[in-house]
Amino acid sequence: MTDSNTRLSTSPEPDRARRRLLGGLCALGAGTFLTGCDRLSESAPVRATLSNVEQLSYKAQRLIASRQALAKEFDESQIAPVFRPNGTTNPQEDYYRAWVENGFADWRLTIDGLVEEPMTLSLPALREMASRTQITRHDCVEGWSCIGQWTGVPLADLLDRVRPADTARFVVFHCADHTYGGSDLYYESLDMIEAYHPQTLLAYDLNGEPLPVANGAPIRLRAERQLGYKQAKYVMRVELVESFKQLHGGKGGYWEDRGYDWWAGI
Amino acid sequence: MSESVKATIDSDSTGNVPGAPATRVIKRHTLATRLWHWTNLVCLIVLLMSGLQIFNAHPALYWGEQSDFANPFIAIHARTAEDGERMGVVRIAGQAFDTTGVLGLSDDNGQLRERAFPRWATLPGDKWLTMGRNWHFLAAWIFVPLVVAYLLYTLLVPQRRRALFPTWVQLKNIPRTLLDHARLRFHHEADYNGIQKLTYLLVLFGLLPVMILSGLTMAPSVNAAWPWLTELFGGRQSARTFHFLCATALIGFFVVHIALVLVSGVFNNLRSMVSGRYRIQVEAHDGSEPKHD
């Protein structure tokens, strides 16, 4: 033992300079990394990678959730006293003001695009159709949640009536409002799986009362397995399309055109 | 004798002086563990900072399914004080704390602005929820599969189980180990001590799974697929609160971890996680033989 110790004690002291250099490199690396991430956020290839991540989340969630898997429904006692409105809460467009003034009597919903039988429906006509009522939790992308009771026409029933063409792949919802006074009208889109989901409604009642203006009167979309920005308010027209590339910013929705994921299931 | 000792002693072992305890260098961490460790560091920094960006979009936490906006459990905001000055405030369970300059109100490009976590703590620095979400999900897709694989590996391989699950002797020695830590007396042995093992187990099988599951359950489509998961956490807003509290606990672990790495021989510790080589005292205090070769 002594032998080997003696032999080893002749080895040099740890190389302090090398250690300092390594430490410095680590600190430099950390700093570069953080400013780097900020700068990377602006670069095109990084954005492409990030959108692949969105595809990954989409496919993984399609894998674990069956097409029919229902969002949890709640008890009447759990309904929030006030359903928090977000985004546009009082559209100022002239046509919209006029609808509000006469109780949406002149308002019509148009369903067209890649369908065999386009149609136009008044609010009473929608109310006469079979309805579904559900108490669900609205999850905003910002992080908060609110429980409300929605009554409306299952979108699947409307789609059955207009008979989508084989080429139709997405359902686009065109809205009446310019969110935050921007130049674009709000719009959203769903794929056919979400569109035909039993809890996907065009809702006209909130908590048993006609939908208030703040929450999207006269009708809004409810797609309960998606985040809040998918739940388009003030819907005027439902259009079936093969691709949404030609619409507005081409990303399939108002917030999507501003960088948000089209797949709003996460 | 000297032949056989030479064979086990690493050829460039250094610093052994006559009279001092004999040491030798072992291979402590496998390449897989080392790569995993540093990938985790990068992922966790990205996850934390992008998570704070996401939190800033609605800087309040609640218990239950939904948000009781008037009564958050924790909220970070800015308000105008009685003297007319703007101040940052953190409210926890009804108690308010002045956090001006860091939380609630902080410097943002030379101007005091209302934001829950300051610019330097979020990714990206600007208020940019969607980019924060993008970074968060990218890092999560790297981090989560690796954690799951590592946990399975740890449970399934007997050698890994021995490395992480404490022996009866180590558990009994915990008070002594604690005392030694308090005196900054560290024993460099091949095996982790009882405290280390319990801490790593708590992080690996406690904090990380809660972190991952509470994160998953915030996704509305996961919620539809696995409603029991949300119920397990007591509702979506509770899950969000647990997610935040676990992140805080992980920061706590990180701070203690770094502190101990620094005071218990920073070069030796770092080297063991870079090249895998770790210097131990040959005559281990509990008499146990090194198990990782």
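**Helices, sheets and two domains in chains A and B**

In chain B, the stretch from residue 35 to residue 55 is 100% helix and 0% strand, and its end C-alpha atoms sit 30 Å apart. That figure, like everything else here, comes from a predicted model. A second stretch of chain B, residues 242-267, is 92% helix and 0% strand, with 36 Å between its end C-alpha atoms. Both stretches turn up in the UniProt entry, which is unreviewed: it annotates residues 35-55, 135-156, 198-222 and 242-267 of chain B as "transmembrane region".

How is chain B divided into domains? The domain assignment puts residues 2-65 and 121-281 into domain 1, and residues 66-116 into domain 2. Between the C-alpha centres of these two domains of chain B there is a gap of 31 Å. Where they touch, domain 1 of chain B supplies twelve residues and domain 2 of chain B supplies eleven residues. On the domain 1 side, the elements giving two or more residues are helix H2 (31-57), strand S2 and helix H10 (236-263) of chain B. Sorted by class, that side has six nonpolar, four polar and two charged residues.

Strand S2 also belongs to a sheet. In chain B, four strands make an open sheet with antiparallel pairing, in the order S2-S3-S4-S5. Strands S2 (60-61) and S5 (95-98) of chain B are the edge strands: each has a single partner strand, so one side of each has no neighbour in the sheet. S2(B) is held to strand S3 (residues 74-80) of chain B by two bridges, and the two run antiparallel. One of the residues involved is B:Ala60, whose bridge partner in S3(B) is B:Ala75. As for what links such strands, the strands of a sheet pair through backbone hydrogen bonds, either parallel or antiparallel.

Over in chain A, a good place to start is helix H6 (residues 155-162), where A:Leu155, A:Leu158 and A:Leu159 are buried. Looking down the axis of H6(A), the buried residues fall within an arc of 100 degrees, so they line one face of the helix. The spacing fits a simple rule: an α-helix has 3.6 residues a turn, so residues three or four places apart point the same way. What do the buried residues of H6(A) pack against? Their neighbours are strand S1 (108-113), strand S4 (145-154), helix H7 (192-195) and strand S7 (201-206) of chain A. Just after H6(A) comes A:Arg163, which has a positive phi near 55 degrees.

Strand S7 of chain A deserves a closer look. Of the six residues of S7(A), five are buried, so the strand is largely enclosed by the rest of the structure. Which way do S4(A) and S7(A) run, parallel or antiparallel? They run antiparallel and are joined by five bridges, with A:Trp150 standing opposite A:Leu206 in S7(A). S7(A) also pairs with strand S9 (residues 220-222) of chain A, over three bridges and again in the antiparallel sense. Here A:Leu202 faces A:Leu221 in S9(A).

Then there is strand S8 (residues 209-210) of chain A, which runs antiparallel to S7(A) and is joined to it by two bridges. A:Leu206 comes up again in this pairing, with A:Glu209 in S8(A) as its bridge partner. S7(A) and S8(A) form a hairpin with two residues between the strands, and in this hairpin A:Asn207 takes a positive phi near 50 degrees.

Key
Residues are numbered from 1 along each chain as its sequence is written. Chains are lettered from A and ligands numbered from 1 in the order in which they are written. This is a predicted model: local features need pLDDT of at least 70, side-chain atom pairs count only at pLDDT 80 or more; totals for chains, interfaces and linings use all residues. Two strands pair if DSSP finds at least two bridges between them. A residue is buried if 20 or more other C-beta atoms lie within 10 Å of its own, exposed if 12 or fewer, and partly exposed in between; C-beta atoms are placed from the backbone. The arc is that of the directions from the helix axis to the C-beta atoms. Two residues are in contact if their C-beta atoms, placed from the backbone, lie within 7 Å. Domain bounds come from an automatic or database domain assignment. Ala, Val, Leu, Ile, Met, Phe, Trp, Tyr, Cys and Pro count as nonpolar, Asp, Glu, Lys and Arg as charged, and the others, Gly among them, as polar. UniProt positions are given in the numbering used here, feature names are shortened, and annotations may be inferred rather than shown by experiment.
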